[in-house]
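Please open the model in your viewer and keep the selection tool at hand. The tour proceeds stop by stop, stating what to select and what is found there.

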Amino acid sequence: MNRQFRTLRRSQLDRGFAAAKSLPPRPSGGWIAAVREALGLSLADIGRLLRVPRQNVQMFERAEATDRITLATLRKVAEAMGCDLIYGFVPKSGSFEELAERPARESATRDVQRVVHTMALEDQKPENTSQLIEDEAQRRLGRGKTK
C-alpha cells in the first residue's frame, strides 16, 4: 500500500471514529443486559424474538460480559432488540495518524538521544535536542528534508 493511500485511510478513520471516542465503556454486565434492561425486556422476551430459550439469552449475556461472545451472536441479539452493532478499533490516545507515526518518532528519539549523549561526552552537546528529534522524525516519515 503506498504512503499517500495510507495517509488518506488514516484520515478517514480519524474522522469516522471521532464520535466513538466519547462513547462510554462497555457496562460491567455487558451491552446486551444493559440495553435489554433499559428497554424493559425480559430474557424471555429476547428469547422469543431470537427463537431461543431464555437460558440461551442469559448465556449470551454471560458470554459477552466475559469476552467470549461472537460478533455474529452480538449482531443477532442487537437486531432482535432493534439496534445496530457498531464494531471498531479506536486508538487509546490520539489519532490513527499519531499511532502510525509513533514507531518512527520513538526510533528517532532514541537515535538522536544516543548521538546527543556521545556529543555531550565530547563537550559538543547541541542545545536544540527537541528540534533535532522532530527533524529526524519528519525525515523518517518522509516529510522532512533529507540530509
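Begin by selecting Asp-111, which has a relative accessible area of 26% and is therefore partly exposed. Please bear in mind throughout that this is a predicted model.

**First stop: the partners of Asp-111**

Keep Asp-111 selected and add Arg-114. The side chains of these two residues meet in a salt bridge, with a distance of 3.5 Å from N to O. Side chains of opposite charge can pair when their charged atoms come close. Arg-114 and Asp-111 both belong to helix α6, and because they are 3 residues apart there, about one helical turn separates them.

Now add Arg-140 to the selection. Arg-140 also forms a salt bridge with Asp-111, and here the closest N and O atoms are 2.5 Å apart. This pair links distant parts of the chain, for Arg-140 is in helix α7 (residues 129-140) while Asp-111 is in helix α6, 29 residues apart. Is Arg-140 buried, partly exposed or exposed? Its relative accessible area is 30%, so Arg-140 is partly exposed.

**Second stop: a salt bridge within α6 and its network**

Select Glu-101 and Arg-105. Their side chains meet in a salt bridge of 3.3 Å, N to O. Both residues lie in helix α6, and because they are 4 residues apart, the separation is about one helical turn. The two partners can be described by their accessibility: Glu-101 is buried, at 10% relative accessible area, whereas Arg-105 is partly exposed, at 27%.

Extend the selection to Arg-10, Glu-97, Glu-134 and Arg-143. Together with Glu-101 and Arg-105, these residues are linked in a network of salt bridges. How many salt bridges does the count come to? The count comes to 13 salt bridges.

**Third stop: helix α1**

Select residues 3-16, which form helix α1. The helix has 14 residues, and at 1.5 Å a residue it should span 20 Å. The C-alpha atoms at its ends are 20 Å apart, so the model agrees with the expected span.

Next, select Asn-2 and Gln-4. Asn-2 caps the N-terminal end of α1, with a side-chain oxygen 3.2 Å from the backbone nitrogen of Gln-4.

**Fourth stop: the aromatic pairs**

A search of the whole structure finds 2 aromatic pairs. A pair of aromatic rings is described by the distance of the centres and the angle of the planes.

For one of the pairs, select Phe-17 and Phe-96. Their arrangement is tilted, with 6.2 Å from centre to centre and 50° between the planes. Phe-17 lies in the loop between α1 and α2 (31-38), and Phe-96 in helix α6, so the pair ties together parts that are 79 residues apart in sequence. Phe-17 counts as partly exposed, at 22% relative accessibility, while Phe-96 counts as buried, at 14%.

Then select Tyr-87 and Phe-89. These residues form an edge-to-face aromatic pair, with 6.0 Å from centre to centre and 70° between the planes. Tyr-87 is exposed, having a relative accessible area of 51%, and Phe-89 counts as exposed at 60%.

**Final stop: a nonpolar surface patch**

Keep Tyr-87 and Phe-89 selected, and add Leu-71. These residues make a nonpolar surface patch of about 340 Å². Where is Phe-89 placed? Phe-89 is in the loop between α5 (71-80) and α6 (96-121).

Terms used. Residues numbered from 1 in each chain as written. Predicted model: local features only at pLDDT ≥ 70, side-chain atom pairs only at ≥ 80, totals over all residues. Heavy atoms only, no water. Patch = residues over 30% accessible without salt bridge, like charges linked within 9 Å, V, L, I, M, F, W, Y side chains within 5 Å. Areas by Shrake-Rupley, 256 points an atom, 1.4 Å probe, with all protein chains shown as cover. Salt bridge = Lys/Arg side-chain N within 4 Å of Asp/Glu carboxyl O. Helix = DSSP H or I, 4+ residues; strand = E, 2+ residues; numbered from the N terminus. Expected span 1.5 Å × (residues − 1). Polar contact = N/O pair within 3.5 Å; in protein donor to acceptor, adjacent residues only side chain to side chain. Phe/Tyr/Trp six-rings, centres within 6.5 Å; stacked < 30°, edge-to-face > 60°. Buried < 20%, exposed > 50% of the residue type's maximum accessible area, 1.4 Å probe, protein only.
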